[in-house]
Each structure stands twice: as C-alpha cells, then as structure tokens.
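Colleague: I should like to go through this model and ask how each label is justified. Please show the structure before we begin.

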4 protein chains.
Amino acid sequence: VTDALEELRARLAAFAMARNWGRFHDPKNLVMALSGEVGELTALFQWTTSDEARAIMTTEKRTDVEDELADVMIYLVRLADELGVDLIAAAQAKTDRNEQRFPTV
Amino acid sequence: VTDALEELRARLAAFAMARNWGRFHDPKNLVMALSGEVGELTALFQWTTSDEARAIMTTEKRTDVEDELADVMIYLVRLADELGVDLIAAAQAKTDRNEQRFPTV
Amino acid sequence: VTDALEELRARLAAFAMARNWGRFHDPKNLVMALSGEVGELTALFQWTTSDEARAIMTTEKRTDVEDELADVMIYLVRLADELGVDLIAAAQAKTDRNEQRFPTV
Amino acid sequence: VTDALEELRARLAAFAMARNWGRFHDPKNLVMALSGEVGELTALFQWTTSDEARAIMTTEKRTDVEDELADVMIYLVRLADELGVDLIAAAQAKTDRNEQRFPTV
C-alpha cells in the first residue's frame, strides 16, 4: 500500500524534474510561490462575511477554492521535499506539543 | 491501514473539538491563520541568499523551519477539512491539468 | 500645501464611501485584501533570481509591478485609516526604536 | 516644505545605507520581508470577529497593530524606493483607473 501523500510527493518531484525546473524550485523561490498561492486563496475570502465563507463551497467559487487549495498543497509538498522535511511527522510532533500547551480539562 | 494524512486530519479535528475551538475555526479565520503562518515561514528565508536557503536545514534555523512548516500544514489540513475538500484529490487533479498545460517534449 | 499621503487617504476614503463599500471595508477584510495583494506582488518575483529581480523595472513586468505596489499601498492606507493609525507617525516612531536597536558604530 | 512620505523614504534609505544593508535590501528580499510583516499583521486579526477587529484599537493589542502597520509601511517604502516606483503616483493612477472601472451612479 502506498501512502497517498508520499505518492503525491513523488509525482510532484518527478513532474518538476521532467521539466528541468530544479533551477526554479529552490527553497527561497518555493516559499514565495507558496506565499503567492495563499494570497490568491485569501483573495477568494476577503469580502465575504464569516457566514458566506462557511457556505463558499455551495457557490460558483467552489472550483476556485479547490484550485487554490491544490496550489497551496502542491507548493507546500514541493518545499518540504526540497528541505527534506516530513510534513506528517512535523505536524504530528507539533500537535504533541500543542496538547501540552493547551490541555483539556 | 490508515492513511497518514487522513489520520492527521481526524486528529486535528478532534483536537479542535475537544477545546471547543469550532467558533474560531471557520474558513475565513483559518485562511488568515494559514496566511499568518506562511508569513512566519517566509520571514525565516527573507534575508538569506538562495544558496543559504538551500542549506538552511544544516543551520540552527532547522527547528524553526520544521515548526513553521508544521503550522502551515496544520492550518491547511484544518481549512480543507472545514470546507470539505480532499487535499490529495485536489492536488492530483490540478497536477493532471498541469501535465496538459506544461507538456514535456 | 496638502500632504501627498493625506490627499491619497482622503481620496480613497471618499472613493469607498461614494460606492457604499463601508460594509466591506472593515479591518478584518482590509487585512485580507492587503495580504492578497502582497501575494500577487510576491508572485511577480517568485521565479526570478535576485539579479533579475533588481532589473525587473526594465522588463515587460514593469507595469504589473507598479500596479501591484499601487494595490498594496491603497489597501494599507485604507486599513490604517479605518483603524485611525497615522502611517507616517507609526513608521517614524518604529524607526526611532530601530535606531536604538541597531546602532551604527 | 518637505513631503512627509518623501522624508520617510529618505530616512529609511539613509538608515539602510548607514548599516551597510544594501546587500540584504534587494527587491526579492524586500518583497519577502513585506510579506512576512503582513503575515504578522494578519495574525493579530485571525481569531477576532469582524466586530472585535473594528474595536481592536481600544484593546491591549493597539500597540502591536501600530507596530506591525509601521513595519509593513517601512518595507513597502523601501521596496518601492529600490524599484524606483513613486507609491503616491502609482496609487493615484490606479485610483484613476478604478474610477473608470467602478463608476458611481
């Protein structure tokens, strides 16, 4: 069984390599690309109320939201890969620490 | 076999629910939180050269980079979950389209 | 003599009022709009080398850079106005503190 | 009479030069610094409701908001200066175009 995120990581690395994008995909550039895509995602929510934002997937913006989430995910996976960071392990370790920081009663 | 990303998604949802954070974790707020964390990640790279950025995991910034990548991942997974978007499916579909858009020779 | 930034602030406030945009231009939304525009500005620089970035105003991207800088300025001025913050005074006060923090020899 | 924004621009340029920060303050790095500061500003608003955001200057976050607005302004002015862009002229020209795009009745 191949893990879904590992499969995506490998596909995106191969995709960049096949196009000779290694010279573009250095960490500094990938951080900027990630940041640019988060900016586009943010723009989809900027004039909505909180209630409208909750219902955004029932509107014609649905496809744009999926598209921008995909772009953010793609650059986050590529960046972590270039840096040699395991996103799942890092997020799980951070959540372990958050459980100490924010205990439930 | 549980998928690693699905396991993280479920843990983060349970984590927020156990702390009654539902009123904070609406999509508009989560987009802002994601954007804030990407800002902190960006700050780690802003004065580095491209070469220094490539070597950042061999420096004392290593832990900060892992930590910020974790925070970005956590808010991205929470946001997608609140919106009902499957990040892997969205990223794979986008990569299918990118293969059409950027053909190899 | 009218100060140029004060003149811009007043024009942008009148522009929003004439279009009844008050309900959109609350601080939370304006922060997101500012962030979205910075994302678009970032995207113009993401794949350039540092040298290419320095020469960007001699390329066909010149107009886009001016346009995005204008958008960032517009939302920053609108946001500060809604919050009642004097941008010049705030930046001068911060620079006073930076002079203490980073003394020259 | 010296214009307030021109005075700030000149002070910030002299400040960077006196500290030999020219090698750091290239456009690519300054865009990242601007983006990082907008991220910190965003973080101040991420969990607030729209009403709380409107009243933020009456809370203990007041100083942080002024501080982050100052940092955003400082990097925006530095970036525009390095690129040779007049922020006021660019914002006024963009607003001229916006008046065509969004006519009042």
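Modeller: In this predicted model, 24 residue pairs are in polar contact between chain B and chain A, both residues being at pLDDT 80 or more. On the chain B side, helices H1 (4–18), H2 (27–45), H3 (50–54), H4 (62–83) and H5 (87–101) each supply at least two residues that touch chain A. H4(B) gives the largest share, 13 residues.

Colleague: What makes B:Arg11 and A:Glu99 a salt bridge?

Modeller: The cut-off is 4 Å between a side-chain nitrogen of Lys or Arg and a carboxyl oxygen of Asp or Glu. The closest N and O atoms of B:Arg11 and A:Glu99 are 3.2 Å apart, so the pair satisfies the rule. Across the interface of chain B and chain A, the rule finds twelve salt bridges.

Colleague: How much area do chain B and chain A bury between them?

Modeller: They bury about 5,100 Å², 69% of it on carbon and sulfur atoms. In chain B, the residues that lose the most area to chain A are B:Arg11, B:Lys28 and B:Leu69, together 13% of what that side buries.

Colleague: Why is H2(C) called largely enclosed?

Modeller: Buried means under 20% relative accessible area. Of the 19 residues of H2(C), 17 are buried, so the rest of the structure largely encloses this helix.

Colleague: How do you know that the span of helix H2 of chain C agrees with its number of residues?

Modeller: At 1.5 Å a residue, the 19 residues (27–45) should span 27 Å, and the end C-alpha atoms are 27 Å apart; therefore the two agree.

Note on methods: Residues numbered from 1 in each chain as written. Chains lettered and ligands numbered in written order. Predicted model: local features only at pLDDT ≥ 70, side-chain atom pairs only at ≥ 80, totals over all residues. Heavy atoms only, no water. Helix = DSSP H or I, 4+ residues; strand = E, 2+ residues; numbered from the N terminus. Expected span 1.5 Å × (residues − 1). Buried < 20%, exposed > 50% of the residue type's maximum accessible area, 1.4 Å probe, protein only. Buried area = accessible area lost by both parts, 1.4 Å probe. Polar contact = N/O pair within 3.5 Å; in protein donor to acceptor, adjacent residues only side chain to side chain.
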